[in-house]
Every structure is written in structure tokens, then in C-alpha cells.
Amino acid sequence: MNIVVSKVEESRIKDIDINDVEFGKVPTDHMIECDFVDGKWGNVQIKPFHNFSLSPLTMSLHYGQTIFEGMKAYKSPKGESLLFRPLENIKRMNLSAQRMNMPIFPEKTFMEALKKLVDLDKKWIPSKEGSSMYIRPSIIATDETIVARPSFNYKFFIVCFPVGLYYSSKLKVKIETEYCRAATGGVGEAKCGGNYGGSFHPVTSAANKGYNQVIWTDESHQFLEEAGTMNLMFRIKDALVTPKLNGRILKGITRKSILQLAQHLGIQTIEKELSIKEIVQEYKDGNLKEAFGVGTAAIVSIIEQIDYQDIEMKLPESSEYANLIKEKLYNIQTQKEEGPFKWVESF
Ligand SMILES: *Cc1c(COP(=O)(O)O)cnc(C)c1O
């Protein structure tokens, strides 16, 4: 597959303070686009950012056959562009594609094109502490018909955005016992658009009651799964505990990296089925020291209070593990620290 590049005549960056932009609203100069037609991917095109022109019959608009990824590029102290475990993202995108009956995208081409795009727009990568360039790969179904069947044609694209410091204030969350994010045998493990669409109503209802997020539970509403759009971690005594993957939980790359990093730091990690009952008991016994959400956007979001029915679990201030892990991982991602793993690609 060829990569064809056409550059902008003039960059928009001069009008924008990349260290002070609203999350996800200001795209960089270029984007990647590639169409799947007649059973194969065509040339990859790197073009100036532009709108699509789509028929109202476009299938993805009706049936949600869409998948996406989320990753970040950082700038190293030496000024190089850095990507954190990008191969994990394309591998996961292809798993999502399989689940959603969509064509997989070749890994090698993805990596090559992505690096070209990031390099072309590297002046859009903010260097301010906590800032980065957010990268959003996506595949959408493009057949023009409202017949309910898998599409034959698809569009792959990648757009990028400079994003500011994700200053996460501590979260107050409720354990959700009415709605589910995902079901056994469903699409919870795929990063597909509908998972988010379906979460907005429960999250809005929780927000109206003063919560920042919900903690999703399984269909029996007994076991904890995720914290909104993040994976969920607890410190119970001195162990780092997280719900084990079960086909409903999204396989977060941050989750996986933090488990590896914690083990390297000598912290015991436990992946298990984690019931509400157990968490409430550990809280009552004084063993529940921390709770936090983990994901690409904020890396670590500290949870200060978890409500379950009329039980309010207020967690200690210190957040020792959350702060340690967040700092270590951020330092690795930005190459401020070498780190024990070969996770960062620089170019
Ligand atoms: C993307 C996502 C995550 C986090 O995954 P990362 O690879 O760590 O960014 C967690 N939960 C859900 C539902 C997600 O969509």
C-alpha cells in the first residue's frame, strides 16, 4: 500500500495556542484517510484536515458499525516525537474490527502512516507538562444503504488534536445498579461507538445527582467492571487490585501497562472478580486505601468517594499508589525517565 502525501499550503498553527486548547476540538493540519473498496484497502492518503461528504444513507450513521482508538504522542526532552505502545492500539483496533464484522487494517501500514502523520504535524505536539497530541484512528462503514447488513465499503481515518493538561479533579462516583455498559457475549471489549452512545444516559442521570462518573457493574449488578470510560483499580491493603478481563471489560493499554509497572515497582497486583460486597467489606475493615480510573486521556483519575445505595465510601486523601504510578508512567511516556520497558517509540 502506498502512502500519498499532500501538504497544507499554510499551517493553521499560527492562529492557535496549542498549550491552551479545548480537548478534542482543534484538529492538526493533516489527517490520514484510506478507503476499503472492492474487498481491499486503497492507497493511504495524508491530506489537509477536511470534512467528509456523506450520503444520509451511509450505514455507519444508522447502525453504528464504527470503531475507534485513542492514543497520544508526546515530545521528548530532546524534542523527538514519541508514541506509547502504538502497536497495542492497532492490534486492539483490529480485534474491534473483527467483532464488528469490519476489515482489519494492516499493522505495518498503520505504523508507517501514523509516524508520517505525527512527524508531519510534530509542531502541533505541545511540550508543556501534561499536554500532548491526542490521536484518534477510526473506521466507519460507508455503504450507502439502510439495509441492515454489514457494509462492504469502509473508511479508515486518523485525526489528531493538541490537548492540554488533563487536570483531573478527584472523582465522586456511584456504583451503577440499574444500567449496564456491556453484556456477556456483547461488544464491551470492542472499542465501538455504540458503547459510548449507550453510556451517556446513565452517566447523565448520575451527573444530575452530583456524580462525576459511574462504576459499571455486570448484568447481575454484583461485580465491579469499569469506571466510566476508564479501567478501575483499587489499593486494598498494599495490593493493587483490578477486575479481571471477562470479555465485557475494555482491555485498556494503560491498565496493562500499570499492572506491569506496579509489579516492577514491587507492588503486588491482583486481577480477580471483584464484588461490591467485597469492596464494601474492605472499606468497613479500613483496608480500602485508594480507588482510581486508568486510561489514555488522564492516565490516572483519583476517586475520592464511591457511593453504593446509601453507603458512602470516602477514601483517604493520600492516594500514594495513584500519584506514584501516574508520575512514573507519565515520565516513561515522555522519556523523562528511561523505564524498564521498551514501550516508547521515538522518531
Ligand atoms: C479506551 C477505553 C479504556 C482505556 O483504554 P486505554 O487503552 O488505557 O486508553 C477503558 N475503558 C473503556 C470503555 C474504553 O473505551
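**Ligand site, pockets and cavity**

Student: Of the 14 residues around the ligand, which come nearest?
Tutor: This is a predicted model, so local features need pLDDT of at least 70 and side-chain atom pairs count only at pLDDT 80 or more, while totals for chains, interfaces and linings use all residues. Residues are numbered from 1 along each chain as its sequence is written, and side-chain values use heavy atoms, with hydrogens and water left out. A residue counts as near if one of its heavy atoms lies within 4 Å of the molecule. Of the 14 that surround the ligand, the nearest are Lys191, Tyr196, Glu226, Thr254 and Thr296.

Student: How far is the polar side-chain atom of threonine 296 from an oxygen atom of the ligand?
Tutor: Let's go through some polar contacts (pairs of N or O atoms within 3.5 Å). Arginine 92 puts a polar side-chain atom 2.8 Å from a ligand oxygen, and isoleucine 253 uses a backbone N or O atom, also at 2.8 Å from a ligand oxygen. For the polar side-chain atom of threonine 296, the distance to a ligand oxygen is 2.5 Å.

Student: And how much of the ligand's accessible area does the protein cover?
Tutor: Accessible areas come from the Shrake-Rupley method with a 1.4 Å probe. On its own the ligand has 380 Å², and the share covered by the protein is 96%.

Student: Where does the ligand sit?
Tutor: Pockets are found on a 1 Å grid over the protein atoms alone, as open sets with protein on both sides within 12 Å along at least five of seven lines. A molecule sits in one if more than half of its atoms lie within 2 Å of its grid points. By that test the ligand is in the largest pocket.

Student: Which elements give two or more residues to the shell around the ligand?
Tutor: Elements here are DSSP runs, with helices (H or I) of at least four residues and strands (E) of at least two. Those that qualify are strand S13 (230–236) and helix H6 (253–264).

Student: How much space lies in the largest pocket?
Tutor: A volume is the space filled by probe spheres set on the grid points. For the largest pocket that comes to about 1,200 Å³.

Student: Which residues are closest to the centre of the largest pocket?
Tutor: Lining residues have an atom within 4 Å of a grid point. H4 (193–197) and H6 are among the elements that each supply at least two of them. Of the 48 in the lining, the closest to the centre are Phe23, Tyr166, Tyr196, Thr229 and Ala297.

Student: Which helix gives the largest share of the lining of the second largest pocket?
Tutor: The second largest pocket holds about 340 Å³. Its lining has 19 residues, with Lys91, Arg92, Leu95, Glu189 and Lys251 nearest the centre. H2 and H6 each supply at least two residues, and the largest share, six residues, comes from H2.

Student: What is the volume of the largest cavity?
Tutor: A cavity is a set of points where a 1.4 Å probe fits but cannot get out, and the count is one cavity of 30 Å³ or more. The largest cavity is lined by 13 residues, with Met71, Lys72, Phe84, Thr296 and Gln333 nearest its centre. Its volume is about 120 Å³.

Definitions and conventions. A polar contact is a pair of N or O atoms within 3.5 Å; within protein, one must be able to donate a hydrogen and the other to accept it, and residues adjacent in sequence count only if both atoms are side-chain atoms.
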